[in-house]
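I opened this notebook to record what I looked up in the structure below. The entries follow the order in which I turned to each topic.

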Amino acid sequence: MTTNTPWDAPIPAPDTGAADAAWQRQMQLTKPPGSLGRLETATVRLAAQQRTSLPALERVWITVFAGDHGVCDEGVSAFPQAVTAQMVRNFAAGGAAVSVLARHLGATLEVVNAGTVTPLPPLAGVRDEPVMPGTANAVREPAMRAAQRDQALALGDGAAARASDAGAQLFIGGDMGIGNTTSAAAVACALLGASPEQLVGRGTGVDDDGLVRKRGAVAAALARHGDDRAPLSVLASLGGLEIAALAGAIRGAASRGLPVLVDGFIVSVAALVAVRHTPDVAAWLHFSHRSAEAGHDAVLRALDAEPLLDLGMRLGEGSGAAVAVPLLQAACRLHGEMATFESAGVSDGG
Ligand SMILES: Cc1cc2ncn([C@H]3O[C@H](COP(=O)(O)O)[C@@H](O)[C@H]3O)c2cc1C
Ligand SMILES: O=C(O)c1cccnc1
């Protein structure tokens, strides 16, 4: 890659002074120190990222990236590829899970078509920016060429730029792409040196034969790819357009000092690509939930991440992250609005 792509922008460090000030405040609030557990640590992390001792989460931005996967030719999903574009229409119409959650949160929701097999008409709230009509089948050839991967990364960076320009305080990326649990598992196997048995799960709900086909497809794609573990090579060879866009969005948010709330398996694999390429990205991430998809736990461990929730969710779309937003909002409100020992006339622990 050349040196001036968005993918090479420097990553700022969060503000440790703001973190110290937030921590001091936590110690003065009318509660035993540490009693709000991870709500405290998440708030202090947000304080450092937002460069203020009083972080807030009123403006949340969600971008869902859609893309199709050539690996579906191997019979790896319980649903046909046409569902990807049909779901983009459903996002636009407000009927998808993440559409409901975005309304519930008052969050901005945009959808970016990074490359569906079925062409889309103009739709409100959908940016139609297909790189190609779905990836190639990674079992037989690289899923993307380098230029296509870079275009997908740039789509993600563009979403992060729009979120940052709009004054968002938190970025959530979501995925829509039939077959993407296969593609994400292949990327994770290559990056972690893990086996398909460890990381391939049932996705939308394939039966036992489907699971065998999925593992076989990932094994074959890995064998074709070889042992190159460079994150951007792995992404082009085995990834998806929406996964590349998500990696670009996560890195793009970090480069603009915008914290990211990571969703489930697919988005975590995109985050792994970004962090393996640029370790400083990790300082900008929060993890929302542990997906029921089999490989998520290993990816979370590789990212040293302890997610906030474990609800047995396995949808994608950014839905798990959206569900976790109210927890972080509550954490910020507690931090900002609780009385201090001094203001309330309560004796501290000495
Ligand atoms: C109606 C529907 C809505 C979805 N929303 C997210 N996904 C999720 O499930 C798919 C991944 O699972 P697999 O790898 O088994 O195809 C992706 O489209 C992902 O975004 C959906 C899947 C379906 C069927
Ligand atoms: O956790 C996820 O991101 C996920 C799991 C299953 C299907 N689609 C997405």
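**Entry 1: Where the domains meet**

I began with the boundary, where 6 residues of domain 1 are in contact with 7 residues of domain 2. On the side of domain 1 that touches domain 2, I noted 2 nonpolar, 2 polar and 2 charged residues. I record here that the model is predicted. Domain 1 is made of residues 16-54 together with 335-344, and domain 2 takes in 60-329. I then looked up the separation of the C-alpha centres of the two domains, which is 33 Å.

**Entry 2: The chain as a whole**

I found 14 helices and 6 strands in the chain. The radius of gyration is 20 Å, close to the 20 Å that the globule rule gives for 350 residues, so I entered the chain as being as compact as a globular protein of that length. Along the principal axes, the C-alpha trace spans about 70 × 45 × 40 Å. I noted that 54% of the 350 residues count as buried. I also looked up contacts with a separation of 6 or more, and found that 77% of them join residues 24 or more positions apart.

**Entry 3: Strand 2 and its partners**

Which strands pair with strand 2? Strand 1 (residues 60-67) pairs with strand 2 (residues 108-115) in the parallel sense, over 7 bridges. Strand 3 (residues 126-128) also runs parallel to strand 2, and 3 bridges join the two. I followed Asn113 of strand 2 in both directions: Ala66 stands opposite Asn113, and Asn113 stands opposite Asp128 in strand 3. As for burial, strand 2 is mostly covered, with 6 of its 8 residues buried.

**Entry 4: Around ligand 1**

How many residues surround ligand 1? I found 18, of which Ser77, Thr181, Gly203, Thr204 and Gly316 are the closest. Helix 3 (82-93), strand 4 (170-176) and helix 6 (180-192) are the elements that give two or more residues to this shell. Helix 6 supplies the largest share, 3 residues. By class, I entered 7 nonpolar, 9 polar and 2 charged residues around ligand 1.

**Entry 5: Around ligand 2**

I turned last to ligand 2, which has 13 residues around it. Those that come nearest are Gly264, Phe265, Ser291, Arg314 and Gly316. The shell around ligand 2 divides into 3 nonpolar, 7 polar and 3 charged residues. I marked Gly316 in my notes, since it is listed among the closest residues for ligand 1 and among the nearest for ligand 2.

Key
Residues numbered from 1 in each chain as written. Chains lettered and ligands numbered in written order. Predicted model: local features only at pLDDT ≥ 70, side-chain atom pairs only at ≥ 80, totals over all residues. Domains from an automatic or database assignment. Contact = placed C-beta atoms within 7 Å. Nonpolar A, V, L, I, M, F, W, Y, C, P; charged D, E, K, R; others polar. Near = placed C-beta within 6 Å. Helix = DSSP H or I, 4+ residues; strand = E, 2+ residues; numbered from the N terminus. Rg over C-alpha atoms; globule rule 2.2 N^0.38 Å. Buried ≥ 20, exposed ≤ 12 C-beta atoms within 10 Å, placed from the backbone. Pairing = 2+ DSSP bridges.
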